[in-house]
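Student: I would like a close look at a single part of this protein, taken slowly and in its surroundings. Could you choose one place to begin and work outwards from there?

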Amino acid sequence: MTKTKRKTAGKKNYTELPIDTILKGDCIELMNSLPEKSVDVIFADPPYNMQLKGELHRPDNSHVDAVNDEWDQFAGFDVYDKFTREWLTAARRVLKDSGTIWVIGSYHNIYRVGSILQDIGYWVLNDIVWRKTNPMPNFRGTRFTNAHETLLWCNKGEGFNKYTFNYEAMKAFNDDVQMRSDWTLPICSGKERLKVNGHKGHSTQKPEALLYRVLLSSTNKGDVVLDPFFGSGTTGAVAKRIGRHFIGCEREDKYISLATDRINAIEPLGDEELEVTPAKRSLPRVAFGTLIDNGMIKPGTMLYGPNKRHMAKVRADGTLISADNKGSIHQVGAKVQGAPSCNGWTYWNIEVNDNLVSIDNLRAEVRALMN
């Protein structure tokens with residue numbers, strides 16, 4: 001990828017996407033200037049409207065560097081709701097029909113955001129709970145420690161179901177266990193926290209680990225990720241590292257400068273490192289009969305279920321016969337178990353040197369030859 005570019009908002013309407021660029025200006029105007037249905041994923045970390053009253057101090061009377069920036073302050077819920085509806089509407093316009101949007105928030109705003117998302121027509125796919133391993137304590141001792149934030153992951157509506165979800169990759173990332181909707185990660189701190197003159201460069205900088213999961217799960221190499229509230233550039237930094245493109249919208253020069261320097265220092269991963277485990281439904285279709293064609297399984301071979309509880313014989317046409325049950329590997333697998341359905345590829349095994357070997361392994365060999 002090239003060096004990060006900066007552009008100032010104007011009345012220009014883009015005919016092509018300004019990828020790997022930070023656009024300066026109001027995010028609503030900027031999103032409305034981009035081509036319709038042009039970005040693959042949106043990650044939004046909008047103002048939380050935290051409604052802080054006064055300054056916070058620790059028990060030792062030291063000052064807490066809380067979120068009291070002007071951009072997080074709204075005159076009331078009605079003003080915040082109007083702003084939320086306008087930026088979410090602009091986001092929906094620029095999002096591809098196959099795209100998804102992530103919005104993160106806290107108890108201050110996420111319920112209002114969720115309601116407006118649904119009012120506009122978005123369909124909530126998941127709410128992800130980011131459980132912080134090192135949250136800021138409640139210094140006044142008047143409430144529970146606020147130890148999590150919520151991410152809403154949505155597509156454009158109930159009928160927009162051709163979106164990206166790298167299920168197999170996330171399962172592999174999670175030690176071959178299906179990834180859950182609760183993510184335990186630390187807040188941004190230490191060397192990752194950007195500083196300017198000894199102070200936080202941005203008050204709400206998100207950890208790269210959080211964006212890594214978001215982008216790994218819902219984007220593919222070369223996809224374009226839009227961040228309407230770019231801030232310190234975490235979205236752009238992670239996107240560049242894992243081979244995605246980004247577009248950032250940001251109003252303030254100090255954040256644009258911070259993000260530009262940060263992203264320009266990122267070294268992208270190589271092509272080999274960027275390969276992820278593909279979804280099984282995206283792999284070439286292999287019929288069970290192909291294993292017979294290739295001589296990998298011969299007619300008359302016995303197939304066994306787990307622990308040899310059930311068995312069936314392979315017939316010349318690729319069907320199975322087991323007692324009174326006849327049919328495909330899936331049909332017979334379901335019948336012998338008394339189940340409504342069965343994935344015969346993962347249920348049936350052949351015996352090799354007194355060990356059971358899944359026929360799915362043989363299918364993988366055929367797919368490797370096809371590729």
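Tutor: A good place to begin is Leu88, which, once residues up to four places away in sequence are set aside, touches Ile101, Val103, Val113, Ile116, Leu117, Ile120 and Tyr122. The model in front of you is a predicted one, and what follows should be read with that in mind.

Leu88 belongs to the largest nonpolar core, a set of 33 residues in which Leu88, together with Trp87, Ile101 and Leu226, is among those with the most contacts inside the core. The elements that give two or more residues to this core are the helices α1 (27–33), α2 (77–94) and α3 (110–120), and the strands β3 (39–44), β4 (95–105), β6 (148–155), β10 (224–227) and β11 (245–250). Of these, α2 gives the most, with seven residues. Apart from this core lies another, of 31 residues, which includes Ile104, Ile242, Ile256 and Ile263.

Leu88 also takes part in the packing of α2 on α3, where Phe77, Tyr80, Asp81, Thr84, Arg85, Leu88, Thr89 and Arg92 of α2 meet Arg112, Val113, Ile116, Leu117, Asp119 and Ile120 of α3. Sorted by class, this contact has seven nonpolar, two polar and five charged residues. The axes of the two helices, α2 and α3, come within 10 Å and cross at roughly 45°, and because that angle lies between the limits of 35 and 65 degrees, α2 counts as oblique to α3. The crossing of α2 and α3 is right-handed.

From the helices one can turn to strand β4, which is among the elements giving two or more residues to the largest core and which also holds Ser98. Ser98 has a relative accessibility of 37% and therefore counts as partly exposed. Beyond its neighbours within four places in sequence, Ser98 is in contact with Lys162, Tyr163 and Thr164, and its C-alpha atom is separated by 7.2 Å from that of Asn161, although Ser98 and Asn161 are 63 residues apart along the chain.

To set these details against the whole, the protein has 371 residues, of which 46% count as buried, and its secondary structure comes to twelve helices and 17 strands. Among the contacts in the protein with a separation of 6 or more, 65% are accounted for by residues 24 or more positions apart.

Terms used: Residues are numbered from 1 along each chain as its sequence is written. This is a predicted model: local features need pLDDT of at least 70, side-chain atom pairs count only at pLDDT 80 or more; totals for chains, interfaces and linings use all residues. Side-chain values use heavy atoms; hydrogens and water are left out. A nonpolar core is a set of buried Ala, Val, Leu, Ile, Met, Phe, Trp, Tyr and Cys residues joined through side-chain atoms within 4.5 Å. Buried means under 20% relative accessible area, exposed over 50%, partly exposed in between (1.4 Å probe, protein chains only). Helices (H or I, at least four residues) and strands (E, at least two) are DSSP runs, numbered from the N terminus. Contact means heavy atoms within 4.5 Å. Axes are lines fitted to C-alpha atoms, for helices over the stretch in contact, and angles run from 0 to 180 degrees between N-to-C directions. Angles under 35 degrees count as roughly parallel, over 145 as roughly antiparallel, 65 to 115 as roughly perpendicular and the rest as oblique. A crossing is left-handed if the near helix is turned anticlockwise from the far one by less than a right angle, and right-handed if clockwise. Ala, Val, Leu, Ile, Met, Phe, Trp, Tyr, Cys and Pro count as nonpolar, Asp, Glu, Lys and Arg as charged, and the others, Gly among them, as polar.
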